[in-house]
Amino acid sequence: MGLIQSGGKKIWGYRHVILIMLWLLYMINYFDRISVLTFLPLIRQDLSLSHQEIGFAASIFFFAYALAQVSAGFLADKFGAKRVMGIAIVVFTAVTFLTGMVRNYTQFLLIRLGLGLGEGHHFSPANRTIADWFPRSEKGRATAFFSTTWAFAPAIIPVIITYLAAAMGGDWRTIFYILAVPGIFGILLLWYYVSDKPEEMLAKGRLSKEEYDYIKDGLVSASEENVKKLGLGAIIKDSCLWLYAMQLFFLLAIYWGSTAWISSFLYEQHGFSLTKMGLLSALPYAVAIISTMLGGTLMDKVFHRTRPVAMVSFLAAIPILMYLGQVPKGSTNTLIMMLILNGFFVNMVWGVIYAYPQMRYPKEVIGSAVGLANGIGQLGAFLSPLLAGYLVEKTATGISYDKVFLMFAGCAALAAVVTYFLKEDTFVIKSNEPQDRQSEISA
């Protein structure tokens with residue numbers, strides 16, 4: 001991300017401090033949710049649940065998460081992103097602690113619902129903060145860096161928590177008590193370092209006037225005349241918002257469907273131990289750290305558009321996902337290669353896909369736009385683990401996830417189709433006035 005000049009010398013901008021804080025806070029968010037998914041095989045055994053029941057439990061989180069997206073975006077636009085994020089962190093930290101106390105299926109479902117509602121109010125406000133702090137020329141890389149949380153977190157979390165659980169004799173419950181500590185730390189970081197708008201940090205002396213002007217000059221914003229016209233009513237008339245929501249739907253179906261079942265796939269179909277399962281399930285996400293940043297850089301520096309990177313990501317993922325579930329048991333090297341390729345191409349699109357609304361819509365409505373689209377998109381994350389639970393097959397040789405990964409490949413194909421029709425020009429508010437008096441939003 002570009003640094004600004006001061007007297008011919010490059011300086012570190014406070015916007016980068018904001019971005020790092022958002023990254024750390026979302027890492028804490030992911031520690032909680034990934035830990036539950038990693039321990040699903042053990043939770044299933046401990047609570048005596050079927051694959052269908054555990055699939056529904058995994059999915060119900062995303063139902064609550066999807067509902068929370070819409071309200072989170074609206075609340076962030078109305079009351080401020082920092083306040084909404086603070087409440088979200090308090091809620092999901094408390095629920096994570098309670099996860100260690102679960103004793104039956106009903107309690108597990110309630111915990112999943114609570115975690116979804118808490119964590120669902122974190123994402124849209126974080127996006128709103130990026131929209132307020134980063135100029136148009138840096139949005140691809142800023143969003144890509146933030147997006148590495150959902151690559152970096154699954155890359156390290158399964159390794160850490162499975163080793164801890166193994167050291168505790170397979171005790172998964174204690175891990176959730178420990179995870180409350182980072183949540184408390186995150187609340188303090190948010191309170192001290194993050195602000196909703198650059199003006200606040202300019203007044204405190206943490207942001208230079210030079211950087212402030214640089215940020216404000218590059219924001220995607222509406223004129224004062226058009227601010228009153230902006231809102232949910234205006235953006236829902238944009239067909240691209242619905243196409244974008246469908247793009248998210250299929251991508252999130254792939255990502256969260258595979259994330260929910262990857263540990264079970266390795267543990268049950270391939271018979272790996274708890275610690276080896278943790279290492280292998282982290283592989284796709286370790287590679288994703290690189291590919292996510294690559295996608296954002298290609299958007300900012302080469303294409304200046306989102307569609308080319310997204311098309312490469314989705315089209316390449318189709319054959320990889322089709323074959324991943326068919327890798328024979330014992331073919332560890334082949335499995336590792338497919339996991340790496342899957343992680344690289346599926347995750348290349350993250351920085352690009354979440355930069356799209358920041359490029360198309362002004363910052364005054366970005367919370368509502370992202371919240372609505374992501375709320376619809378998260379329904380893909382809700383349905384995917386649920387349907388996957390019914391596609392898991394018991395065969396003469398063991399348990400097969402072949403049909404599960406074929407479903408993910410189909411989602412990649414549909415995502416590519418939707419991406420092809422997605423427009424990338426700046427959103428225009430249409431009125432009934434003559435053309436020369438129509439209000440436009442410009443970068």
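In this predicted model, I160, L164, M168 and I178 together make a nonpolar surface patch of about 300 Å². One member of the patch, L164, belongs to helix α8, which spans residues 149–167. With a relative accessibility of 36%, L164 counts as partly exposed, because the partly exposed class lies between the buried limit of 20% and the exposed limit of 50%.

Just ahead of helix α8 is T148, placed in the loop between α7 (139–147) and α8. Is T148 buried or exposed? Its relative accessibility is 4%, so T148 counts as buried. The T148 side chain makes a polar contact with the side chain of W23 at 2.8 Å. When residues up to four places away in sequence are not counted, T148 touches W23, A153, I289, T292 and M293.

Helix α1 offers a second buried position. I34 is found in this helix, and its relative accessible area of 2% places I34 in the buried class. Although I34 and P154 are 120 residues apart in sequence, their C-alpha atoms are 6.5 Å apart in space. P154 is also one of the contacts of I34, together with I157, P158, W256 and T259, once neighbours within four places in sequence are left aside.

The charged side chains add another set of links. Side chains of opposite charge can pair when their charged atoms come close. The structure holds 12 salt bridges. One of them joins E211 to R15, with the closest N and O atoms 2.8 Å apart. This pair links distant parts of the chain: E211 sits in helix α12 (residues 209–217) and R15 in helix α1 (residues 14–38), a separation of 196 residues. How accessible is each partner, starting with E211? E211 is at 2% relative accessibility and therefore counts as buried. R15 has a relative accessible area of 0% and is buried as well. The pairing extends to a further residue, since R15, E138 and E211 are linked in a network of salt bridges.

A second salt bridge brings the side chains of R173 and D46 together, at 3.3 Å from N to O. R173 lies in helix α9 (residues 173–178) and D46 in helix α2 (residues 40–47), so this bridge ties together parts of the chain that are 127 residues apart in sequence. The two partners fall into separate accessibility classes: R173, at 10% relative accessibility, counts as buried, whereas D46, at 40%, counts as partly exposed.

Helix α12 takes part in another salt bridge, through K216. Which residue is the partner of K216? The partner is E199, and the closest N and O atoms of the pair are 3.0 Å apart. E199 lies in helix α11 (residues 198–204) and K216 in helix α12, so the bridge ties together parts that are 17 residues apart in sequence. K216 has a relative accessible area of 30% and is therefore partly exposed. E199, with a relative accessible area of 31%, is partly exposed too.

Helix α1 thus appears in two settings: it holds I34, whose contacts include P154 and W256, and it holds R15, the salt-bridge partner of E211 in helix α12.

Note on methods. Residues are numbered from 1 along each chain as its sequence is written. This is a predicted model: local features need pLDDT of at least 70, side-chain atom pairs count only at pLDDT 80 or more; totals for chains, interfaces and linings use all residues. Side-chain values use heavy atoms; hydrogens and water are left out. A salt bridge is a side-chain nitrogen of Lys or Arg within 4 Å of a carboxyl oxygen of Asp or Glu. Helices (H or I, at least four residues) and strands (E, at least two) are DSSP runs, numbered from the N terminus. Buried means under 20% relative accessible area, exposed over 50%, partly exposed in between (1.4 Å probe, protein chains only). Patches are made of residues with over 30% relative accessible area and no salt bridge: like charges are joined within 9 Å, nonpolar side chains (Val, Leu, Ile, Met, Phe, Trp, Tyr) within 5 Å. Accessible areas come from the Shrake-Rupley method with a 1.4 Å probe; for residues, only the protein chains shown count as cover. A polar contact is a pair of N or O atoms within 3.5 Å; within protein, one must be able to donate a hydrogen and the other to accept it, and residues adjacent in sequence count only if both atoms are side-chain atoms. Contact means heavy atoms within 4.5 Å.
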